[in-house]
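This briefing is meant for a reader who has not met this structure before. Please look at the model first, and then read on for the contact between chains, the overall build of each chain and one strand with its partners.

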Amino acid sequence: MTAMIDITNAEKTFTMHLQGGVELPVVRGVSFHVDPGECVVLSGPSGAGKSSILKMIFGNYRCDSGRIGIRHRGAVIDLATAEPREVLSVRRSTIGYVSQFLRAVPRVATIDVVAEPLIANGTTRAEARDKAGALLRRLNIPERLWALPPSTFSGGEQQRVNIAHGFISDLPILLLDEPTASLDASNRAVVVELIEEKKRQGVAMVAIVHDDEIRHLIADRIVDVTSFAAAA
Amino acid sequence: MAELQDVTPDDQPLLVAEHLGKNYGRLTACRDVSFALYPGEVLAIVGESGSGKSTLLQLLSAQLAPSAGRVSYRMRDGVLRDLAALGEAERRFLFRTDWGYVHQDPAQGLRMAVSAGANVGERLMAVGWNHYGRIRDTASSWLERVEIDIARIDDAPRTYSGGMRQRLQIARNLVTEPRLVFMDEPTGGLDVSVQARLLDLMRNLVSELGLAAIVVTHDLAVARLLSHRVMVMKGGRVIETGLTDQVLDDPREPYTQLLVSSILPA
Amino acid sequence: MNAPAYNFAYLDEQTKRMIRRAILKAIAIPGYQVPFASREMPMPYGWGTGGVQVTAAILGPQDVLKVIDQGSDDTTNAISIRKFFGKTAGVATTTSTADATVIQTRHRIPEAPLHAGQVLVYQVPIPEPLRFLEPRETETRRMHALGEYGLMHVKLYEDIARFGHIATSYAYPVKVNARYVMDPSPTPKFDNPKMDNCPALQLFGAGREKRIYAIPPHTDVVSLDFEDHPFTRYRFDAPCALCGAGDSYLDEIVTDDKGGRMFVCSDTDYCESRQSAGHRGSESAAPHKERAHG
């Protein structure tokens, strides 16, 4: 398999025990692949399961059946059946996730939030902070904000911190959930640039983007998730 | 391009529990608990009162003998040993060097009438350190690391606040660079702001020192902040287990869903 | 003379055998506190009942007994105990260290070096060196059993942190035969080196606490310390005022109400022997000669 991601027939249903056991099917029969250097955009209406699919690829949501093949350190593993520590290992060195909402540890300074993925992988704190600073600067987060925790920032600023956190390390797979949602035109352009750079480095990406213009700029392929919608 | 250092934990588990159980007569405190903990992993055991989580912690740290199953620990020489087969001297030595145990009430984990420096230095003296200056320097640097003013090094913990006592307890446990730390409700009973500071400290120390830890807590926020994996206990059994974000974001079992939905939103 | 009502040395033979068994066990495990069935003695606890029981158990008709209290043969307690054995055992008694075969002592080791064949019996109040740090008997027994003595160093550390030096001046803990940590009884730390490699047998009896321990002859006894705060014997600033000795432990004696004082050997036998041999200190009274006027 040369693809970085190869999903076959993945399926997920929520069972709401607190609501009398009602079942909410999310997706069914999800199958697609992503090659290195390409960006696949998931399209479809709100609630169709796009975010859920991203979370399944990250191992955040467990899938009920099917296969999520990930090329991790030269070998292919099935994230759906992997041991928890294998999933941790995949997250550390293969898959990065830029979520829609910043969920940072409270009280940690922005510069450290962004530097953390590098430090966890062995970079020295000093070097990691340098790189974090460079990326934040590029994303127009002024230096005076770097020592503050991002919880007090505006939505757009938080989003940019999120992006910096996701883009800073050299992970071969990136999952992007609405990366440009709260950003103005110039910052959107920066993000598109960053995505292009990653593509050139051979990173495989799956993204959810509502903005048509951005979608045209970054998507190599579009996968319509309505075809995976589980019958209500 | 930064070189990616492999920080994946080794392939060998550090602590292995197999079908662990404890009962007192007809009362089953916990039953059929099995898992493997790897170096650098933090496992949270969450559950409400009576779930059996404290009993489980005692079993895992060899303070209680199991009624069923066994716990094995990989010693520094790489050999996996059944804890029940260790002699008392070995077990006590392990407890003082390779393991840490942070009590909910710091007074139980400290010598309250002895200075902070001596509290931190005791484990070093117990393993043969015989140079006052070096013992004191090491104690000082640990106090700094847990954000206790070094000027308080000669004060007894009786004069410390609750948060400071807890941080001192952590320093006392970490001074021998243990590989595994057990924590029993480490933030219980502390003011919220004090808890926050303590959690930050613990998070940083665990990641800097590559510690493996087993944290018993009823507070899901603590689990989310500190742990990679979580086991949810109810009625003595583990009813759900997985990565922390998996279990908290995608709870499958009814009880887990109940717990997660019961957290008041921030 | 023996009062007809008493067995030799007061205790009945069965009791003596029980104590001797404890003593043998103690000798076999140097520094280890052996429990024994301490008897009611005709003096209250705190007055040397442990030492008296050990002496009573080992005394034979041919022994020569010396009893000292804080180094002196002529304090009340020393005299009482000497009379006790005089009455119940009829053994010869002496004040001379060199002539004694059994020396019972409270809180001092004689200055004159001991020789093979002698037994030094110490009176011990609290045998457990860790007691004040760890009040639980169950825990201290386990610490001794497992050789876990970190806590002892904690005590020394605290001293240095508080006073700048190890402030323990008596009952200074020692490690015996590189195994057990022991309390040498409240002897001044000045005396600790005398315990090391001593040719005599040293026995320790605690009556109230019901423990016996021992140091066999020629056993290593090392005072606990830190590398950078080594054990030191302090030296006095001036020699004994009576006999001029510069190497003995001195007592301070107040001579008047104007702050006058003098320092005199605590070991009375040692001081008197030196004076008989012609040594003189600055304050010595020569009872059969007129004092030289300076």
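The contact takes 16 residues from chain B and 14 residues from chain C, where two residues are in contact if their C-beta atoms, placed from the backbone, lie within 7 Å. This is a predicted model, in which local features need pLDDT of at least 70 and side-chain atom pairs count only at pLDDT 80 or more, while totals for chains, interfaces and linings use all residues. Residues are numbered from 1 along each chain as its sequence is written, and chains are lettered from A and ligands numbered from 1 in the order in which they are written.

**The side of chain C that touches chain B**

- Helix α5 (residues 150-163) of chain C gives the most to this side, with 8 residues; helices (H or I, at least four residues) and strands (E, at least two) are DSSP runs, numbered from the N terminus.
- By class, this side of chain C has 7 nonpolar, 3 polar and 4 charged residues, with Ala, Val, Leu, Ile, Met, Phe, Trp, Tyr, Cys and Pro counted as nonpolar, Asp, Glu, Lys and Arg as charged, and the others, Gly among them, as polar.

**Overall build of the chains**

- Chain B has 10 helices and 10 strands, and chain C has 7 helices and 12 strands.
- Chain B has a radius of gyration of 19 Å, which agrees with the value near 18 Å for a compact globule of 266 residues; the radius is taken over C-alpha atoms, and the globule rule is 2.2 Å times the number of residues to the power 0.38.
- For chain C, with 294 residues, the radius of gyration is 20 Å, in agreement with the value near 19 Å for a compact globule.
- In chain B, 50% of the 266 residues count as buried, meaning that 20 or more other C-beta atoms, placed from the backbone, lie within 10 Å of the residue's own, and in chain C buried residues make up 45% of the 294.

**Strand β9 of chain B and its partners**

- Strand β9 (residues 229-234) of chain B is mostly covered, with 6 of its 6 residues buried; Arg229(B), Met231(B) and Met233(B) point one way, and Val230(B), Val232(B) and Lys234(B) the other way.
- Strand β3 (residues 42-47) of chain B runs parallel to β9(B) and is joined to it by 5 bridges, where two strands pair if DSSP finds at least two bridges between them, and Ile45(B) stands opposite Met231(B).
- Strand β10 (residues 237-243) of chain B pairs with β9(B) in the antiparallel sense over 6 bridges, and here Met231(B) stands opposite Thr241(B).
- β9(B) and β10(B) form a hairpin with 2 residues between them, and Gly235(B) in the turn has a positive phi of about 60°.

How values were computed:
A residue is buried if 20 or more other C-beta atoms lie within 10 Å of its own, exposed if 12 or fewer, and partly exposed in between; C-beta atoms are placed from the backbone.
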